[in-house]
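Student: I should like to take a close look at one part of this model, the place where the chains meet. Please explain it in one connected answer and then set it beside other contacts in the structure.

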Amino acid sequence: MKIALRVNSQDVEAEVEPRLLLVHFLRERLRLTGTHIGCDTSQCGACTVHLDGRAVKSCSLLAVQADGCAITTIEGLAADGVLHPLQAAFHEHHALQCGFCTPGMVMAAHELLGRTPMPDEAQIRAALEGNRCRCTGYQNIVDAIRAACERAGGCT
Amino acid sequence: MIPSAFNYVAPRSLEEALACLGRCEPGTAALLAGGMSLVPALKLRFARPATLVDIGRIAALRGIEANAGGIHIGALVTHAELLGAPQLADRPVFAETARVIADPQVRNRGTLGGSLAYAHPAADWPAVFLALGGEAELFGPRGARAVAAEDFFTGIFGTAIGADEILTGVRFAHVPVNAGSAYSKMRQQASGMALVGVAAQLVLDAAGAIRAASVGVTGVNAVPFRARSLEARLQGSASDPAALSAACALGITEADPLGDRHASADYRLHLLGVHAGRALARALARARGSAGDGADYND
Ligand SMILES: Cc1cc2nc3c(=O)[nH]c(=O)nc-3n(C[C@H](O)[C@H](O)[C@H](O)COP(=O)(O)OP(=O)(O)OC[C@H]3O[C@@H](n4cnc5c(N)ncnc54)[C@H](O)[C@@H]3O)c2cc1C
Ligand code: FES
Ligand code: FES
């Protein structure tokens with residue numbers, strides 16, 4: 001089946017099998033391997049991307065469901081080689097160790113800040129409920145997200 | 001994990017969707033809404049439909065509308081939309097329930113219609129649907145029909161939706177005067193689904209006594225149910241927290257709890273009393289016009 005969508009602000013057309021998962025389409029067809037597959041069972045959030053501005057788990061969507069939609073992956077955040085403020089804050093606050101969960105964490109946090117520019121700690125933690133990290137213990141991730149919104153003039 | 005192959009169609013209207021279903025051999029097609037239950041099932045090959053009819057692009061299934069009879073919620077309205085819908089501001093039980101379903105990403109995709117149609121025995125919406133006495137709106141080759149919440153769940157993962165029908169939405173009557181409702185849930189630690197979930201609605205009379213109570217329970221039996229024994233005990237009783245606890249302590253005779261590795265049957269029964277008490281207490285506070293959004297409950 002033919003699909004047409006926008007991925008990181010670029011038009012993409014492709015012929016796909018209906019059973020192809022969105023995450024496989026992104027990673028294997030478009031070679032956007034920043035989106036990770038952790039659990040493959042909708043639990044861990046490593047595969048989080050934005051579909052029309054909303055965070056979704058791309059391991060639990062079919063590529064055909066994204067036909068006509070706009071997708072943003074972690075590769076779409078940095079502009080001209082300059083890290084997005086969230087990415088920079090993750091870097092500065094040591095919010096990653098192995099880094100496997102990081103793209104999903106950043107995409108989940110990005111949706112939160114779009115909706116709630118001044119989240120408190122409880123709201124940040126609630127927004128990460130669908131994302132697992134097996135390394136950091138989360139504290140530095142929360143700190144990084146707070147720092148990113150403080151720098152943007154948000155955060156209480 | 002890769003699903004087995006299927007044909008995919010994405011109709012834009014209900015009529016077109018019914019026609020797609022009609023062209024399939026009975027039992028070989030599956031409807032796809034948000035996909036948060038179905039896509040994982042496809043990946044595990046628990047479900048192997050020959051055709052997937054994606055109803056996710058049918059505009060008529062979206063939206064929340066207040067009308068003369070009450071409120072209509074389209075089948076495709078997502079958990080996330082129910083969390084913040086201004087049309088539901090006077091029914092805080094919706095946000096309170098949506099908030100404890102899954103996680104933000106799943107709430108962005110999963111739908112009210114999909115949750116009711118899937119009828120997972122530990123899903124949250126069925127309890128609310130029962131307690132508020134909603135009606136399911138079905139559309140099929142023989143036209144539209146409505147099924148009351150209490151007749152909707154017919155068995156484990158079973159509903160009154162015919163194989164050739166689509167759940168188009170649910171409707172709820174206007175909020176009665178002096179009424180309040182609430183949802184209280186104990187999460188199963190691994191899945192986040194309800195170990196026990198209780199939704200309650202209380203309507204008070206002018207003197208402040210309980211005129212009507214309705215209680216919907218999920219996670220306990222194989223099929224979600226109305227706790228009629230508790231409702232009967234509450235009707236006409238004084239509406240103070242002590243009376244509510246006393247009524248809960250006498251038990252819910254309809255409960256026939258499942259025991260599994262997450263909770264024994266006895267523990268579920270215990271939790272049922274606790275959460276029925278909490279849901280009723282919060283429903284009472286709301287019926288009296290106090291106590292707000294329950295943000296610090298349900299964890
Ligand atoms: C990680 C995770 C955590 C979750 N946690 C919870 C939780 O805490 N509480 C909870 O209640 N649920 C939970 N869920 C389930 C979630 O709520 C699903 O979104 C919901 O059960 C199904 O809705 P859907 O729109 O995704 O339906 P789909 O997955 O698309 O469909 C589910 C089933 O319903 C049928 N169907 C869908 N729409 C219709 C319709 N309009 N008419 C007729 N049939 C239809 C489909 O054919 C399919 O059989 C969780 C899911 C995940 C992945
Ligand atoms: S890989 Fe998608 S949620 Fe874990
Ligand atoms: S940094 Fe390793 S899983 Fe999060």
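Tutor: The answer begins with the interface of the chains and then turns to the domains and to individual residues.

This is a predicted model, in which local features need pLDDT of at least 70, side-chain atom pairs count only at pLDDT 80 or more, and totals for chains, interfaces and linings use all residues. Residues are numbered from 1 along each chain as its sequence is written, chains are lettered from A and ligands numbered from 1 in the order in which they are written, and side-chain values use heavy atoms, with hydrogens and water left out.

Consider the interface of chain B and chain A. Contact (heavy atoms within 4.5 Å) involves 29 residues of chain B and 32 residues of chain A. The size of an interface is often given as the accessible area lost when the parts come together. Here the two chains bury about 2,200 Å² between them, with 54% of it on carbon and sulfur atoms; buried area is the accessible area (1.4 Å probe) that two parts lose on being put together, summed over both. On the side of chain B, the residues that lose the most area to chain A are B:Tyr8, B:Gln105 and B:Arg109, together 26% of what that side buries.

Side chains of opposite charge can pair when their charged atoms come close. A salt bridge is counted when a side-chain nitrogen of Lys or Arg is within 4 Å of a carboxyl oxygen of Asp or Glu. Three salt bridges are found across the interface of chain B and chain A. One of them joins A:Asp40 to B:Lys43, with the closest N and O atoms 2.7 Å apart. There are also 14 residue pairs in polar contact between the chains, both residues at pLDDT 80 or more. A polar contact is a pair of N or O atoms within 3.5 Å; within protein, one must be able to donate a hydrogen and the other to accept it, and residues adjacent in sequence count only if both atoms are side-chain atoms.

Which elements of chain B supply at least two residues each to the side that touches chain A? They are α2 (38–43), β3 (51–54) and α5 (104–109); helices (H or I, at least four residues) and strands (E, at least two) are DSSP runs, numbered from the N terminus. The largest share, five residues, comes from α5(B). By class, this side of chain B has 17 nonpolar, five polar and seven charged residues. In this count, Ala, Val, Leu, Ile, Met, Phe, Trp, Tyr, Cys and Pro are nonpolar, Asp, Glu, Lys and Arg are charged, and the others, Gly among them, are polar.

Chain A also has an interface within itself. Its domain assignment gives domain 1 (2–76) and domain 2 (85–151), the bounds coming from an automatic or database assignment. The centres of these domains, taken over C-alpha atoms, are separated by 21 Å. In this case 17 residues of domain 1 of chain A are in contact with 13 residues of domain 2 of chain A. The two domains bury about 1,200 Å² between them, 58% of it on carbon and sulfur atoms. In domain 1, A:His36, A:His50 and A:Ile74 lose the most area to domain 2, together 40% of what that side buries. The count between the domains is one salt bridge. The side chains of A:Glu111 and A:Arg54 meet in a salt bridge, at 3.1 Å from N to O.

Salt bridges are also found within chain B. B:Arg228 forms a salt bridge with B:Glu150, the closest N and O atoms being 2.4 Å apart. B:Arg228 lies in helix α9 (residues 228–234) of chain B and B:Glu150 in helix α8 (residues 149–152), so the pair ties together parts that are 78 residues apart in sequence. B:Glu150, B:Arg226, B:Arg228 and B:Glu231 are linked in a network of salt bridges.

Finally, consider A:Thr35, which is found in the loop between α1 (22–29) and β3 of chain A. A:Thr35 counts as buried because its relative accessibility is 2%; buried means under 20% relative accessible area, exposed over 50%, and partly exposed in between (1.4 Å probe, protein chains only). Leaving aside neighbours within four places in sequence, A:Thr35 is in contact with several residues, including A:Val23, A:Cys47 and A:Ile74.
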